[in-house]
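This short report describes a protein together with its ligand. Please look at the sequence and the structure below before reading on.

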Amino acid sequence: MSSSEFAVETIRLTKDFDSLRAVNEIDLTIEKSEIFGLLGPNGAGKTTTIRLLSGMLIPTFGKAKVLGMDSVEKSLQIREKTGLLTETPSIYDRLSVRENLTFFGRIYGVKSEDIQKNIKKLLKIFDLEERIDSKAGTLSKGMKQKVAIARTLIHDPELIFLDEPTASLAPESAKVVRDLILNLAKESNKTFFIATHNLYEAEILCDRVAIINRGNILAVGKPKELKEMMKGETYTIIRFQEWNNEVENFLEINNYKISNLVQEERKIQIKLKDIEKETPPLIKKLIENNYNIVEVFHERPSLEKIYLELVERETNGGVR
Ligand code: ATP
């Protein structure tokens, strides 16, 4: 695949602010039409990465190609073809929804008749048609965020950067905004690059996620693949009807490795190499030896677990 077929391609992309390295030699390749998430804690380098990719910052070294164009040499062209939702989007309270969107459409050089067409189309998708003439200052926070997203789409960009699109919203509004992003992605072939510190958001919205901490990319993959990385961390938990001290001995003799035991809850936790193969004979053996089992379940690693583990490992062991 030639590089122009990628929405984003970075090679050792790096940004220093004086002695602070905000983004450290990141290599990313994002396909067109992907919803890509950059997941990381505060100060990880998400906003800086978006600024580099949208041509607002010049890298200290390394390179970024956005829609096939060099982020430094073609920053103006990149801005024409991308939309950017910043963490604190400027929507003018004293202007109506229509006036706000018309204003930003003009900034992008969209023809007047196209602006009005796009406004109608976007407000329909965003379920805001009835508020077209309301002053932005009278809208709820969630509605205002929808207008801010509509603003980033007014010039029909191919690639949309969303920096923490739901961070300032109540859970209900956050859900509306997430559903909207999913619908937009489904109905168009636009690429979305979403910076978030919200694991749930990354998992439900993104096709692929990169985990970033202190400017370093720690892992990249589909949420499912990232969880697979921790496959060895799946535990089998067995809860008994009554506690029998002998169980510990019995399992050890049979070569099972107990990783935790909570006597008050009548539970043992075992780490099996292959849960599919090893669970049935284990249960069979226990039943045959008169251990009454109430439940058996497997605790699989969550994206949260891998995220926390990677970030913690890097923060404690990282060299800076
Ligand atoms: P948050 O979720 O808190 O916005 P982030 O992941 O977006 O965090 P960045 O805003 O990219 O993080 O910041 C990365 C690091 O770079 C931080 O330590 C920040 O203080 C620093 N930084 C960002 N912009 C500048 C700047 N213009 N001048 C100096 N340091 C900066």
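Which backbone atom of Gly45 lies 2.9 Å from the ligand, and from what kind of ligand atom? A backbone N or O atom of Gly45 lies at that distance from an oxygen atom of the ligand. The model is a predicted one, in which local features need pLDDT of at least 70 and side-chain atom pairs count only at pLDDT 80 or more, while totals for chains, interfaces and linings use all residues. Residues are numbered from 1 along each chain as its sequence is written, and side-chain values use heavy atoms, with hydrogens and water left out.

The polar contacts (pairs of N or O atoms within 3.5 Å) listed here each involve an oxygen atom of the ligand:

| Residue | Protein atom | Distance |
|---|---|---|
| Ala44 | backbone N or O | 3.0 Å |
| Gly45 | backbone N or O | 2.9 Å |
| Thr48 | polar side-chain atom | 2.6 Å |

Taken alone, the ligand exposes 640 Å², of which the protein buries 63%, with accessible areas coming from the Shrake-Rupley method with a 1.4 Å probe. Two elements, β2 (20-31) and α1 (46-53), give two or more residues to the shell around the ligand, and α1 supplies the largest share, three residues; helices (H or I, at least four residues) and strands (E, at least two) are DSSP runs numbered from the N terminus.

Around the ligand there are 13 residues, of which Gly43, Gly45, Lys46, Thr47 and Thr48 come nearest, where a residue is near if one of its heavy atoms lies within 4 Å.

As for the whole protein, it is divided into domain 1 (3-228) and domain 2 (231-299), with bounds from an automatic or database domain assignment, and 47 Å separate the domain centres, taken over C-alpha atoms.

Methods
Polar contact = N/O pair within 3.5 Å; in protein donor to acceptor, adjacent residues only side chain to side chain.
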